[in-house]
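Reader: Could you walk me through this structure? I have not looked at it before, and I would like to ask questions as we go.

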Amino acid sequence: MTTLHHEHPVHQHAHGAGCGHQAVPHGDHVDYAHDGHLHREHSGHWDECEPAGHTAHEDHAHTHGADCGHETVRHGDHVDYLHDGHRHAEHDGHYDDH
């Protein structure tokens, strides 16, 4: 899965501990959920941290939902579930890795 490098052009808010936005571990960095999308710090600016393409999470027997026990993150028009160090989103009968 490749993440696009798309700079968030006007981002005056500095994310960090106690900033009020949900911190989401994502590989080697932390994303912050803000206004329905995810931001990450990169070389002195903030990037949108969005996956490129479609990556299905294979062999995902667990069904996510309101009482599944996993933290949720609002992401655009859907909800992602934090699970095993990454985000899962329901899509066409399976879960995608985000």
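Reader: How much area does the chain expose, and what share of it do carbon and sulfur atoms supply?
Author: This is a predicted model, and in it the chain exposes about 5900 Å², of which carbon and sulfur atoms supply 46%.

Reader: And what percentage of the residues count as buried?
Author: The chain has 98 residues, and 40% of them count as buried.

Reader: What does the secondary structure come to, then?
Author: There are zero helices and 12 strands, and so the pattern read along the sequence is β-β-β-β-β-β-β-β-β-β-β-β.

Reader: Okay, which strands form the open sheet, and in what order?
Author: Five strands form that open sheet, in the order β8-β12-β11-β10-β9, and their pairing is antiparallel. Because β8 and β9 (72–75) stand at the edges with a single partner strand each, one side of each is left without a neighbour in the sheet.

Reader: What do strands of a sheet pair through, in general?
Author: They pair through backbone hydrogen bonds, and the arrangement can be either parallel or antiparallel.

Reader: Let me look at β12, then; how many bridges does it have with β8, and how many with β11?
Author: Strand β12 (residues 94–97) pairs with strand β8 (residues 56–57) over two bridges in the antiparallel sense, and H57 is the residue that stands opposite Y95 in β12. Strand β11 (residues 86–91) is joined to β12 by four bridges, again with the strands running antiparallel, and there H88 has D97 as its bridge partner.

Reader: What sits between β11 and β12?
Author: The two strands form a hairpin with two residues between them, and D92 in this hairpin takes a positive phi near 50 degrees.

Reader: Changing topic a bit: where is E58 found, and is it buried or exposed?
Author: E58 is found in the loop between β8 and β9, and because its relative accessibility is 59%, it counts as exposed. From C-alpha to C-alpha, E58 and D96 are 8.5 Å apart in space, although 38 residues separate them in sequence.

Reader: What share of the chain's contacts comes from residues 24 or more positions apart?
Author: Among contacts with a separation of 6 or more, residues 24 or more positions apart account for 44%.

Reader: Now for β4, how many of its residues are buried?
Author: Strand β4 covers residues 29–34, and five of these six residues are buried, so the strand is largely enclosed by the rest of the structure.

Reader: Which strands is β4 joined to, and by how many bridges?
Author: Strand β3 (residues 22–26) is joined to β4 by five bridges, while three bridges join β4 to strand β5 (residues 37–42). In the pairing with β3, H26 stands opposite H29 in β4, and in the pairing with β5, H34 stands opposite H37.

Reader: And what about the turns there, which residues have a positive phi?
Author: In the hairpin of β3 and β4, which has two residues between the strands, G27 in the turn has a positive phi of about 60 degrees. The hairpin of β4 and β5 also has two residues between its strands, and D35 in that turn has a positive phi of about 55 degrees.

Note on methods: Residues are numbered from 1 along each chain as its sequence is written. This is a predicted model: local features need pLDDT of at least 70, side-chain atom pairs count only at pLDDT 80 or more; totals for chains, interfaces and linings use all residues. Side-chain values use heavy atoms; hydrogens and water are left out. Two strands pair if DSSP finds at least two bridges between them. Buried means under 20% relative accessible area, exposed over 50%, partly exposed in between (1.4 Å probe, protein chains only). Contact means heavy atoms within 4.5 Å. Accessible areas come from the Shrake-Rupley method with a 1.4 Å probe; for residues, only the protein chains shown count as cover.
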